[in-house]
Protein chains: 2
Amino acid sequence: MVPVEPAGAVLEHHAVAVRGGRIEALLPEAEARARFPGREELALDDHLLIPGLVNAHTHAAMTLMRGLADDLPLMRWLRERIWPVEAKHVSPEFVRDGTLLACAEMLRGGITCFNDVYFFPEAALEAALACGMRSAHGIIVFDLPSAYASDPADYLRKGLALRDRYREEPLVSFTLAPHAPYTVSDATFRQVATLAAELDLPVHVHLHETGEEIERSLAEHGVRPMERLRRLGLLGPGLIAAHCVHLAKEEIQLLAHHGCSVVHCPSSNLKLASGFAPVAALMERRVNLALGTDGAASNNRLDLLQEMRTAALLAKAVAGDAQALPAHAALRAATLSGAQALGIGDRTGSIAPGKAADLVALDMRAFGLAPCYDPVSHLVYAAGRENVSHVWVGGALLLQEGKLVSDAFSGLDTRWQLWQNALESRADS
Amino acid sequence: MVPVEPAGAVLEHHAVAVRGGRIEALLPEAEARARFPGREELALDDHLLIPGLVNAHTHAAMTLMRGLADDLPLMRWLRERIWPVEAKHVSPEFVRDGTLLACAEMLRGGITCFNDVYFFPEAALEAALACGMRSAHGIIVFDLPSAYASDPADYLRKGLALRDRYREEPLVSFTLAPHAPYTVSDATFRQVATLAAELDLPVHVHLHETGEEIERSLAEHGVRPMERLRRLGLLGPGLIAAHCVHLAKEEIQLLAHHGCSVVHCPSSNLKLASGFAPVAALMERRVNLALGTDGAASNNRLDLLQEMRTAALLAKAVAGDAQALPAHAALRAATLSGAQALGIGDRTGSIAPGKAADLVALDMRAFGLAPCYDPVSHLVYAAGRENVSHVWVGGALLLQEGKLVSDAFSGLDTRWQLWQNALESRADS
């Protein structure tokens, strides 16, 4: 068992006691049997138990556009391929089915919580609840109209109403989610800052993802996007900055100084040729580093084990230091740091008494994981989602021996096929 | 079906006719039934069929050291961790069991052929034959003694004798394998060049893997390693240069001019912080680019689908061009280009009449592969070895519905455990 906290701990022959969906204790097996006699027991003798993975940046519904457009840079990809399809097709039904598909894939890979930003967040939220996953939803804001909302006030009104409706739901939390510096005006950012302070909500934004974003900000606002956000009052411990590929030294310091979180999305940044995030430098300044898959249209695999491996490998070559982002640090980024970024570090992200029983077991009996000198090394450098055997969220078993348990996914095969047909006819036209 | 040649072809509703281990024809399903009536038939209706993957650079037996030492740079990793363990433990039994373990993992992931360099190549060769895989083995040469051989002449004598013994075995081929510029003298390289010409054998060498290797060559030989090899007569169409991370523009031109092959090992290069190979520049100059996992001690996962994905993603960010190494090109690198590097492009590497039936089927019915607009995009960017369902080598079925068929692996679980115990006691001492 790797509880993530205390850092570096690996507990052999330990048990987790769960009651009412929460972790009651973690203790040696024999002690557990003595202390909780007659309690229902699941023995996983050849397994590694870790906290559920937190996918800290995604657009889950975009699974329906998986592989629809590859091998293009971010801005062309958005303008020529993604945005036209979204304009035509995105609806509550699209978001519900796309999010369900994402949830199925994510649960299969040990992800128990995801931080989503997309249109029609109520449909994404309902999909996540239907299959029992923990999720955070962005109160999305653009200065552009969409099928979902007509203007910034409309976006905010709808998102805040959703939050009011689900405030008491323990599996759900919210962020304010102004899309990106190039799609949100100063006035809207100011309003977001005010709301974030009033409602104590994190702010989830795409930031410094590409060189083009920074050039454009310099041309239009005279400053780089992060400095613009600083002036607008957005930097603070609630800021969840997705990507942060292009950072000057002072900007890393600024993120550290304000206690911001960065969500590193290595596969997406590579695929869109956005660049290499300075992960080792962020870690050195103790910036809270989380990991995200991004949406399936820019990283076609919603697999946080994959992102953990890619992040750990890439950080070394980028820093020119084979000791950068070692295995335990990568696991922390994929779990507790993600939960802390979302403001739910007290509920999930590590195996600790009082937290929700969001747990993942990996079956270590595979030729590809033999021998095993260090289970955390294997988790990060050798294992894959094929090794995930069990997943629990809030104590509920959602994946058993590699099979999804929920009936929320029934009929999904037919429905994604219909969406594919619809989107293909668009692509051909 | 993606036959790899012609480039970009994707054939729907096609069949492969196999006879005597060879591909007889590939043709539309209905036509196949008409032309080959009564032939035994296997229907794989929801599958993608590709040529077997060629792992063009590995040290298979090092699986027994998987995860024994992580988060260290190449030279320290070799000198402080790997070489001492090898000096103490490597034997024909170690190589046989380590290679079998590697074969099990590689077959599970769709690898049908691997290009190996390690001590006691006879043990690796016998392991590969025992489980029915295609393999190339290096006639390894160091200027340092080892448990296997005492001096360059001894290494060459043993390797050449092995080649004589297995010259008629269709699943086996050979390379001359001087380890690296920093472990092989000019005299030995000259002898290798002579033998390569006489025997028409490829030469497999680690080249320009780290900055340190290049610095050292400049200090000791006054030239960079590639220039040294050029002067020694090693550059030519038979040269298989593993890694090639650090390349000046003229060196890329030199590789192209001489028709050399490069084996790109992205995970290993990242993990050891060796650097970023200039893949797009190599492709632009039409250098034959193959892919390798390297050994499991420096890339803990022997998974060529993983390397294909990492290579395709990484090439884009390194080149700053999201169109670099697109999906079809990555697949070609993982199949036909590897076979051509090994000089067996007439036998394997694509689905073509007359070639051996080295085939891999992937089951595309997974939530993580839905929807599917482009199967080759999914193969490279979304699929994983968990989706590999069937593997054939020379027409023999070695993986069936994800299960290894061969009994060559029985007892392996016990044996790798014994090796782990032995190596651990060494690590603690």
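Where in chain A is the place of A:Gln191? Before I answer, please keep in mind that what we are looking at is a predicted model. A:Gln191 sits in helix α6 of chain A, which covers residues 186-199, and with a relative accessible area of 39% this residue counts as partly exposed, because that value falls between the 20% limit for buried and the 50% limit for exposed. If we go 191 residues along the chain from A:Gln191 we come to A:Ala382, and the C-alpha atoms of these two are separated by 46 Å.

Staying with chain A, helix α13, residues 327-334, is mostly covered, with 6 of its 8 residues buried; among them are A:Ala327, A:Ala330 and A:Leu331.

Let me turn to the sheet. In chain A, five strands form an open sheet in the order β3-β12-β13-β14-β15, and their pairing is antiparallel. The edges are held by β3 (47-51) and β15 (403-404), each of which has a single partner strand, so one side of each is left without a neighbour in the sheet. For β15(A), that pairing is with β14, residues 396-400, over 2 bridges, and A:Leu399 has A:Leu404 as its bridge partner.

Finally, the second largest pocket holds about 1,700 Å³ of space. Of the 46 residues that line this pocket, those nearest its centre are B:His14, B:Leu42, B:Ala43, B:Leu44 and B:Asp45. The elements giving two or more residues to the lining include α16 (412-428) of chain A as well as β1 (14-19) and α1 (29-35) of chain B. By class, the lining comprises 26 nonpolar, 9 polar and 11 charged residues.

Notes
Residues are numbered from 1 along each chain as its sequence is written. Chains are lettered from A and ligands numbered from 1 in the order in which they are written. This is a predicted model: local features need pLDDT of at least 70, side-chain atom pairs count only at pLDDT 80 or more; totals for chains, interfaces and linings use all residues. Side-chain values use heavy atoms; hydrogens and water are left out. Helices (H or I, at least four residues) and strands (E, at least two) are DSSP runs, numbered from the N terminus. Buried means under 20% relative accessible area, exposed over 50%, partly exposed in between (1.4 Å probe, protein chains only). On a 1 Å grid over the protein atoms alone, a cavity is a set of points where a 1.4 Å probe fits but cannot get out, and a pocket is an open set with protein on both sides within 12 Å along at least five of seven lines; lining residues have an atom within 4 Å of a point. Grid points are joined across faces, edges and corners, and a volume is the space filled by probe spheres set on the points. Ala, Val, Leu, Ile, Met, Phe, Trp, Tyr, Cys and Pro count as nonpolar, Asp, Glu, Lys and Arg as charged, and the others, Gly among them, as polar. Two strands pair if DSSP finds at least two bridges between them.
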